[in-house]
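Visitor: Please take me through one part of this model in detail, with every cut-off stated as you go. I would rather have one connected account than a list.

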Amino acid sequence: MLGEIVKGLRTTFKYLFKKPVTVQYPEVKRPVRERFRGRHELKRFENGMERCIGCALCAAACPADAILVIPGENDPAHPNSPGERYAATYEINMLRCIFCGYCEDACPTNAIVLEHQYELAYYDRKSAIYTKEMLLVPPDKGHGEIPPILQELNRRPSPPAQIDL
Amino acid sequence: MPDVTLTIDGKTVTVPAGTNIVDAARAGDVAIPVFCYHPKMKAVGMCRMCLVEVYTPKIDPATRQPVIGADGKPELALMMNKLQAGCVTPVSDGMVVKTVGERVEFAQRGVLEFLLTSHPLDCPVCDKGGECPLQNLTMEWGPGNSRYDYADKHHNVKPVALGDLIYLDRERCILCARCVRFQDEIAGDPVLGFDNRGRNWEIISKSEPAFDSKFSGNTTDICPVGALTSSDFRFKARVWELRSTPSVCNHCSVGCDISIDMRYNDLMRVMPRENDFVNEIWTCDKGRYGMRHIMSGERLKTPMIRRNNAWVAATWEEATRYVADRLTLVRANYGANALGGLAGAHLPNEDLYLFGKLFREVLGSNNIDHRRGTPDEPTALDDLPNILGVGAGTNLTTLGKGTAVLVIGADPEEEAPLYVLRLRGIADRGGDLTVVNSYPTKLARFAKSAVTVRPGAEAAFVQALLGAIFAEGSANEALAARLRGADELKRSVSGKPLADLAAAAGVAEATIRAIASSFVAAENGIIVYGRAAVGAGPALTQALANLALVGGKAGRANNGLIALTAEGNTRGALDMGVRPDRGPGGAAVTAGMSAREMWAAAKADTLKGMYIAGMNPAKSNTAVAEALSQLEFLVVQDLFMTETAQLAHVVLPVATVAERDGTFTNAERRVQRFQQARRAEGEAPADWSLFQEVARAVQAMAPASPTAAPAKKSAKARAAESNTAVAVAAPPASWDYLVSSDIADEISARVPGYKGTSYTSLELTRKSWGRQPNESFYYDGTSYENTEGVGVQLPALADDGKSVFQLAYREPAPAAADEQFPLTLLTVVRAYDGGEWMRGSKLVPRTVPAHVILSVADAQQLGVGIGEPVRISSAAGTLELRAQVDAGLSAGVVLLPLVKGADLASVLTGPQTRVSVAKA
Ligand code: SF4
Ligand code: SF4
Ligand code: SF4
Ligand code: SF4
Ligand code: FES
């Protein structure tokens, strides 16, 4: 009996002197893994163009039907994205999303990426819908160039599938 | 044709001789991939996707006998010692075809790799993505990767406009010429062509204005890649997101089967739905691009009542109660005859039926009509198709050699566009097409003989045909036993020498003889007549009936008359009794006022209240607008705040065709069902449901009897009216229709002829011609297979095989010489007429301002150039319009297109108006 108590307390005492693993959330935030799937972001190219071309393949892939894409036609003088099509409306309902990442897999331009933000809480359902403005990264956060051959052609390049990092 | 038996991939297939290998394989459920071949068009062998190994029995050159091998079977030789294009190789006996195997696969992969050398592969952007044959064939037969350098692709400026409706992406085009061939072979507007060569080879539009065709949308369907897209659908949605609802176009009397493709509650596009009896796999641009009005922001959303000259929104109950109140009040004060009703003939049968019922049985008035009451409308209503119309089971798609088609007084391109394709198809397959009209039409281009008759001489022309038949003694005896008065007719017609008859018609005697004999000799004969023919008067319709009967061309499938009516459901309106002279199914009633009489009565203050549903008679017609503004009460039920609605006291919004269920009856008397595709704005109900609400409210106000109105003087007359009106059958006392099929059931029970048109029978589909499991190669991204019903064709009276017909002779009116008004003015329909249906449509730029068309001779004589203003004067008044000149028009004829903008009623006196034209 006594032996067992001592045995149990030994574990207690051992941990008493160890460094605690508890993180004081929300003051302190634990970094997530590289491949963590959090809230999505819509990426841009280095020149500021939207990567998303409004193809709605993400919406088709989404098992939770969380994504709404309504496409539009780019104004050739001020294109939002390379090619003719762009996403006029892009919305993700974070309450529906199961963070499976299928959308990211489906995207031919690597536009939609599940990033590391996980603090997703809402007071009402409506605010769980992230619009394109909320998802799109700022213009200076672009990365990856449109292949130079297509830029050289000085016209709107056609194959978005080839535009990649 | 004799049948040929061959073996395809080990399967034995027997097909008619002349079939190509691709079609033969299809019959044997073997898939041969194709790009350029399309079963509706001639094979050209342009893409080489259909390469297969073809073996034919070896022939010994000495004996001309098949060489028998050691195994006792005929020895086979590879045809031409190389692969053959299956679409252009006809089958032959003993042929052995291999569609799989290393050699074929190598070729198929090669063709696809080559097609993709410069293909942008921007499927995520491309509108065809998801229903693209190139995508599908590449997945199934293509190489996994390409040996060509991606950066070497040929680039072009992305979309070029082939016309205002169709855009071409030259990077995606695989130069299969399906679009060019469709325009040449099927639409008959050869406006597309190839330009340049090599890498710069491209499709161009050769016409001015660009891509000038009423069928241009079909090219986007049959293009096997996303090279052709329509401005109406470009980048609106991805095809897999669309929800398709079967519908029927109500823009003309063809009644094409269409599919309304929706995303959520928004219309994305309209596609044709296959129906061999109606539209094959095509639809015209009017049907395809003319449905945007259902999404228009200008649509009425709430009922409105005019109070103190301002519109006040009301609830549905308030509004219908108010309507019932005021209609009852008018009836109480002036009698039921002071009430009139007009319902547009594009409304479905259900609505038209209840409209008639509301007026005849509840309000007790027979003053209803589906016409607008313009002076150029023919006075007589044409019921001939119900008697001698094309027999049940008619299928124009199957007709060709042995069929004579006489098109008289019709311009199908403008009146019912798809008939151009259908009738031209018959001519292409070897049928005899004769086009008779008093002004040039597009269909005449495909006719074996095209005849121009003087306006007014149409009846004389048909009389001359009859004369020729009698003169040659070639009358067809098929119906002889059922004819009465044949001898009198023969005597009256043969009384005059054929030369005189021909001279009266202004057509050479030889031409008349040729047309008459080919019509009588043909196995099947169809007479198509349109607006101008009905306008020419009853002498012509009677003569056409005589011709069909004497020629033995009635009472069976593929024989009889087809009347191209003014609106999509005019046939239905006539059958449902929305007409002053007859009740549903032709029931006898005391004749009420026609639309034209109503305008006169309103002017004379004897018509006091009107109910107008789905019609805008005040448009471009000041006389009618004046008459309407004199009314004590006017309720207008429509989609938009039209010119007529602005004069109303109550406006009731309604649902469009896309927002409700119903049926239409087309020109061939085929009843077809359409289904609800979306919710209406403001929850607007279907027209019939508003009629029902009003009827209920009226009944609640006067529960005893609808005719027990206080006005004594005409009580007896009204009682008589209501008696005859209900003579059809005992009316169910209650108005308790829940869904439109309740009404359809009542229609099929009460309207003779509509028996068997319940929604269940309308939903039956027969397997269309040869749809096979591998059909997607032909149809991917094109017309939808019909799984929702091909409709039911109502039998014509003559179909019963026993009813007898009275032939009658009507003397054609002699040509009237008129010094003061030397010219004859005809109003002609324009497909793009600027009507309410065009709101929000991409077709709006195709509408033309009001103008008048003169012949070259008349224009020269008057010294009028193109675009100059002229003054037209008639007995009715004058009108100033700009002039156009048509080189094909005969002198003495003036055409007035029915488009928005000119007060045409001010100058017209009838279907054919005598006018004089002067330079303004
Ligand atoms: S992560 Fe999965 S569930 Fe969430 S939006 Fe993407 S596909 Fe849909
Ligand atoms: S798959 Fe990518 S490019 Fe396509 S709509 Fe989604 S985010 Fe945009
Ligand atoms: S536009 Fe389309 S249909 Fe026309 S040739 Fe090119 S690929 Fe063929
Ligand atoms: S032909 Fe007539 S019914 Fe067919 S789509 Fe055109 S307008 Fe509609
Ligand atoms: S060559 Fe046969 S389908 Fe094109």
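Guide: Two residues are in contact here if their C-beta atoms, placed from the backbone, lie within 7 Å of each other. The model is a predicted one, in which local features need pLDDT of at least 70 and side-chain atom pairs count only at pLDDT 80 or more, whereas totals for chains, interfaces and linings use all residues. Residues are numbered from 1 along each chain as its sequence is written, while chains are lettered from A and ligands numbered from 1 in the order in which they are written.

The part to look at is chain B, whose domain bounds come from an automatic or database domain assignment. That assignment gives domain 1 (3-100), domain 2 (151-295), domain 3 (312-375 + 568-739), domain 4 (384-563) and domain 5 (823-919). Between domain 3 and domain 5 of chain B, 10 residues of the former are in contact with 12 residues of the latter. The side of domain 3 of chain B that touches domain 5 of chain B comprises 4 nonpolar residues, 6 polar and no charged, where Ala, Val, Leu, Ile, Met, Phe, Trp, Tyr, Cys and Pro count as nonpolar, Asp, Glu, Lys and Arg as charged, and the others, Gly among them, as polar. The centres of these two domains, taken over C-alpha atoms, are separated by 32 Å.

A second place where domains of chain B meet is marked by ligand 4, which lies between domain 2 (151-295) and domain 4 (384-563) because both give residues to the shell around it. A residue belongs near a molecule if its C-beta atom, placed from the backbone, lies within 6 Å of it, and of the 14 residues around ligand 4, those that come nearest are Cys249(B), Cys252(B), Cys256(B), Cys284(B) and Gly287(B). In composition, the shell around ligand 4 divides into 8 nonpolar, 5 polar and 1 charged.

For chain B as a whole, the radius of gyration, taken over C-alpha atoms, is 30 Å, which agrees with the value near 29 Å for a compact globule of 920 residues, the globule rule being 2.2 Å times the number of residues to the power 0.38. Along the principal axes, the C-alpha atoms of chain B fill a box of roughly 105 × 70 × 60 Å. Of its 920 residues, 56% count as buried, meaning that 20 or more other C-beta atoms lie within 10 Å of the residue's own, with C-beta atoms placed from the backbone. Among contacts in chain B with a separation of 6 or more, 75% are between residues 24 or more positions apart.

Conventions. A residue is buried if 20 or more other C-beta atoms lie within 10 Å of its own, exposed if 12 or fewer, and partly exposed in between; C-beta atoms are placed from the backbone.
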